[in-house]
Amino acid sequence: MNERNQKSIHAIHKAIQLISMKWSFPIISQLLYRPYPFNQLKSKLQHISVTALIDTLRFLEKNHVIHHRVYSSKPLRMEYSLSEEGKEFIQVLLGIRRWRD
């Protein structure tokens, strides 16, 4: 297998990992329209635990799908939004939808 094919397989594997996490898609879906502070995001995703939300946000940030901004207010406020790579990932999700339609 050549290097280009290996990179393609790696990219597909990464996309499947992102989609397969229980809370990734719901979080990405919420951030598609606007950034959210942590607590508002938590309230939008009613059945997610704080631990699951934190773990999924960290995973998505580590994989460059989202980023966070820290506001120096009291108390500190963190706001999450899709990164440029995350916005591109939406096209992958839309492609899956078209495939299934």
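# Charged side chains: exercises

The side chains of Glu-85 and Lys-14 meet in a salt bridge, with 3.3 Å from N to O. The model is predicted: local features need pLDDT of at least 70, side-chain atom pairs count only at pLDDT 80 or more, and totals for chains, interfaces and linings use all residues. Residues are numbered from 1 along each chain as its sequence is written, and side-chain values use heavy atoms, with hydrogens and water left out.

**Exercise 1.** State which parts of the chain the pair Glu-85 and Lys-14 links.

*Solution.* Start with the term: a salt bridge is a side-chain nitrogen of Lys or Arg within 4 Å of a carboxyl oxygen of Asp or Glu. The Glu-85 and Lys-14 side chains form such a bridge at 3.3 Å. Next, locate the partners: Glu-85 is in helix α5 (residues 84–100) and Lys-14 in helix α1, so this pair, 71 residues apart, links distant parts of the chain. Helices (H or I, at least four residues) and strands (E, at least two) are DSSP runs, numbered from the N terminus. Last, check accessibility: Glu-85 is partly exposed at 37%, and Lys-14 is partly exposed at 23%. Here buried means under 20% relative accessible area, exposed over 50%, and partly exposed in between (1.4 Å probe, protein chains only).

**Exercise 2.** Find how Glu-3 and Lys-7 are placed in helix α1.

*Solution.* Both residues lie in helix α1 (residues 3–20), four residues apart, which is about one turn of the helix. Their closest N and O atoms are 3.5 Å apart, and they form a salt bridge. Glu-3 is exposed at 53% relative accessible area, and Lys-7 is exposed at 54%.

**Exercise 3.** Describe the salt bridge between Glu-84 and Lys-87.

*Solution.* The closest N and O atoms of Glu-84 and Lys-87 are 3.5 Å apart. Both residues lie in helix α5, three residues apart, about one turn of the helix. Glu-84 counts as exposed at 56% relative accessibility, whereas Lys-87 counts as partly exposed at 44%. In total, the structure holds four salt bridges.

**Exercise 4.** Work out what surrounds Glu-79, which has no salt bridge.

*Solution.* Glu-79 lies in strand β3 (residues 77–82) and is buried. The nearest side chain of opposite charge is Arg-77, 4.2 Å away. Lys and Arg count as positive and Asp and Glu as negative; His and the chain ends are not counted. Among the residues that Glu-79 touches (heavy atoms within 4.5 Å) are Pro-35, Tyr-36 and His-67.

Technical notes:
Lists of a residue's contacts leave out its neighbours within four places in sequence.
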